[in-house]
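Q: Please take me on a close tour of the ligand site in this model. I'd like the details of what surrounds the bound molecule, with just enough of the rest to get my bearings.

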Amino acid sequence: MIAFPRTALAQELVTALQGKMLLGDAHNGLFLAAPRRTGKSTFLQGDLRPALEAAGVVVVYVDLWADTRRDPGGLIAEAIARALEPQLGLVARTARKAGLEKLKVGGLEVDTSKIGKVDGLTLTEALRLLHESARKPVALIIDEAQHALTSEAGEASMTALKSARDQLNQPDTVNLMLVMSGSDRDKLLRLVNTAGAPFYGSQIQRMPHLGLDFIAHVARLIETQRPDLNPVDQKALQNAFEVFGFRPQFFMAALGQVLSPLAALTGRFEVALLEAAQQQQVQDEAQMESDYLGLKPTEQAVLWRMLEQGPRYRPYDAEALKFYGDKAHHPVSVAQAQKALESLRQRMPALVWKSARGEYAVEDAAMHRWFGSRSATGRWPPTGQAG
Ligand SMILES: Nc1ncnc2c1ncn2[C@@H]1O[C@H](COP(=O)(O)OP(=O)(O)OP(=O)(O)O)[C@@H](O)[C@H]1O
Ligand SMILES: [Mg+2]
């Protein structure tokens, strides 16, 4: 299927990035987090990029996961260089023909032989050059931005981008827009959450998942291709999509299966779709159960408390420590609780998420649903036995 366009969301973000919203801070950098496979990259490239371009912005897109062997700092520099090339190509060729070795663009002197490469230029200079030669604002979209924190060069380039932003932007003009996205909110937070972090003071926003308009679109597609199924039950589709964790890929794959002539369905396809979603959920929950059972007693107790308390969770208050002690069957000190939290965060994939202010939460919201349904039916804590 062709990606469903998310024009309204893109437009909203363009306005925010331009600093035209009454409230908000996106002109200082927009940080977007969303769970894996929910359509971040598709949105950034397929919706946000063209919307920015239509608004007269030069867009540079770079995915730091595109090649994990490459240094993130190098990838960013290269993406800017690629964007510079068409802007400067003509000017540079003319200048070279005229025998000019140095070229003045805006306030910057550029070695004509180096155009198209950013070596010799700082990121700020390269971005300024791009902005001044294009005579347009520049937006730099960095997908999986948290990966920049894995190398010193990557970290340095984040600091350089912050400084470029501060140099290029004035209170009433935004010349450099920064968009960073990632599936790992906890790591993305490191870009913003301490006084020493490059983008200290910025907030991480949750990128919305595909909504009812997407479901309506899919329903229309089905109704057009299979008039015999008209009208499609959109509420049931939405339900199934939610059970699939708002991941379009799983949802569309299951739809393809239940609509296939080979499926030999006797009833409505919506019912079969919901069943497929639930099956996937059962598999996901079996995974959560085995993860939970593999934890040390203190880690289990900490996770249990977190699931039970939700946003009210306080990791080290007296009640929490008593709870840990009761469940783990031995006294648990603050240091031990801290160690357990840390090891839950360090796991791959992480089970626990930590906010800038030291608030903790489970990483995967699906765990709350799992805990809720097990508790409601008296099946908590998991024991490893069926049921
Ligand atoms: N707007 C959309 N309409 C239809 N399908 C979509 C849409 N957005 C994403 N998808 C599908 O969902 C899948 C995941 O999309 P995408 O790679 O954009 O997600 P992501 O959040 O960047 O994933 P990852 O965490 O792996 O980087 C892809 O198969 C894509 O085709
Ligand atoms: Mg992606």
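A: Here is a look at the surroundings of ligand 1, starting with some background.

This is a predicted model, so local features need pLDDT of at least 70 and side-chain atom pairs 80 or more, while totals for chains, interfaces and linings use all residues. Residues are numbered from 1 along each chain as written, chains are lettered from A and ligands numbered from 1 in written order, and side-chain values use heavy atoms, without hydrogens or water.

The protein has 14 helices and nine strands, taken as DSSP runs (H or I, at least four residues; E, at least two). Of its 387 residues, 46% are buried, meaning under 20% relative accessible area with a 1.4 Å probe, protein chains only. About 20,200 Å² of the protein is exposed, with 53% supplied by carbon and sulfur atoms.

Now for the site itself. Ligand 1 sits in the second largest pocket. Two helices each give two or more residues to the shell around ligand 1: H2 (40–54) and H9 (248–259). Helix H2 gives the most, with three residues. There are 15 residues around ligand 1, and Phe4, Arg36, Arg37, Lys40 and Thr42 come nearest; a residue makes the list if one of its heavy atoms lies within 4 Å.

Zoom in on the oxygens of the ligand, and three polar contacts (N or O pairs within 3.5 Å) turn up. Thr42 brings a side-chain N or O atom 2.5 Å from an oxygen atom of ligand 1. Thr38 uses its backbone instead: a polar atom there is 3.3 Å from a ligand oxygen. Glu144 joins in through its side chain, with a polar atom 3.4 Å from an oxygen atom of ligand 1. As for coverage, ligand 1 exposes 630 Å² when taken alone, and the protein buries 84% of that, going by the Shrake-Rupley method with a 1.4 Å probe.

Glu144 also leads us away from the ligand, to Ser181. This serine lies in strand S6 (residues 176–182) and is buried, its relative accessible area being 0%. Beyond neighbours within four places in sequence, Ser181 is in contact (heavy atoms within 4.5 Å) with Asp143, Glu144, Ala145 and Gln146, among others. Its other partners include Leu32, Leu44, Ile142 and Leu188. So from ligand 1 you can step to the side chain of Glu144, and from Glu144 on to Ser181.

Technical notes
Buried means under 20% relative accessible area, exposed over 50%, partly exposed in between (1.4 Å probe, protein chains only). A polar contact is a pair of N or O atoms within 3.5 Å; within protein, one must be able to donate a hydrogen and the other to accept it, and residues adjacent in sequence count only if both atoms are side-chain atoms. On a 1 Å grid over the protein atoms alone, a cavity is a set of points where a 1.4 Å probe fits but cannot get out, and a pocket is an open set with protein on both sides within 12 Å along at least five of seven lines; lining residues have an atom within 4 Å of a point. A molecule sits in a cavity or pocket if more than half of its atoms lie within 2 Å of its grid points.
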